[in-house]
Amino acid sequence: MKMSTEGTEVRLPSTRLRPIASADVAGVVADAAQGEPSNGIHAVVGPEVYGLDRLGELTLAVKPDGRTVVTDESAGPFAGMPDVLTGDGSAHLASTRYEEWLKQS
């Protein structure tokens, strides 16, 4: 996650996305490799939509290091991006929630 840190503040935009666990990605890739050719795109997204700033807050709640998150719509490479990182209605939803993944890692 690219972020801007100033002292004890982590500056992140509220850009919405659907984080996905690498194990879920690996499972979808394995299924696709063993299945019939799809002749197209098979989109897969995480099960929930989060703002990037909220992901930072959740991460620091589980792994505190004295920093706090400040929403800054100009911070990082995802700043100002439209909601294109959330997938559409045809995307396969992975099962692992971000909070569950954090507790496991």
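These are questions and answers on a predicted model of one chain.

Colleague: In what pattern do the helices and strands follow along the sequence?

Modeller: The chain holds three helices and seven strands. Read along the sequence, their pattern is β-β-β-α-β-β-α-β-β-α.

Colleague: What does the C-alpha trace span along its principal axes?

Modeller: The chain has 105 residues, and 29% of them are buried. Along the principal axes, the C-alpha trace of the chain spans about 50 × 30 × 20 Å.

Colleague: Which share of the exposed area do carbon and sulfur atoms supply?

Modeller: The area that the chain exposes is about 6,600 Å². Of this area, the share supplied by carbon and sulfur atoms is 53%.

Colleague: How many Å apart are the mean positions of the positive and negative charges?

Modeller: The chain carries 9 positive and 15 negative charges. Taking the mean position of each set, the distance between them is 5 Å.

Colleague: Is Arg11 buried or exposed?

Modeller: Arg11 lies in strand S2, which covers residues 9–12. A residue under 20% relative accessible area is classed as buried. Arg11 has 17% relative accessibility, so Arg11 counts as buried.

Colleague: With which side chains does the side chain of Arg11 make a polar contact?

Modeller: A polar contact needs a pair of N or O atoms within 3.5 Å. One partner of the Arg11 side chain, at 3.0 Å, is the side chain of Asp72. Another polar contact, at 2.8 Å, joins the side chain of Arg11 to that of Glu9. The partners are therefore Asp72 and Glu9.

How values were computed: Residues numbered from 1 in each chain as written. Predicted model: local features only at pLDDT ≥ 70, side-chain atom pairs only at ≥ 80, totals over all residues. Heavy atoms only, no water. Helix = DSSP H or I, 4+ residues; strand = E, 2+ residues; numbered from the N terminus. Buried < 20%, exposed > 50% of the residue type's maximum accessible area, 1.4 Å probe, protein only. Areas by Shrake-Rupley, 256 points an atom, 1.4 Å probe, with all protein chains shown as cover. Lys, Arg positive; Asp, Glu negative; His and termini not counted. Charge placed at Lys NZ, Arg CZ, Asp CG, Glu CD. Polar contact = N/O pair within 3.5 Å; in protein donor to acceptor, adjacent residues only side chain to side chain.
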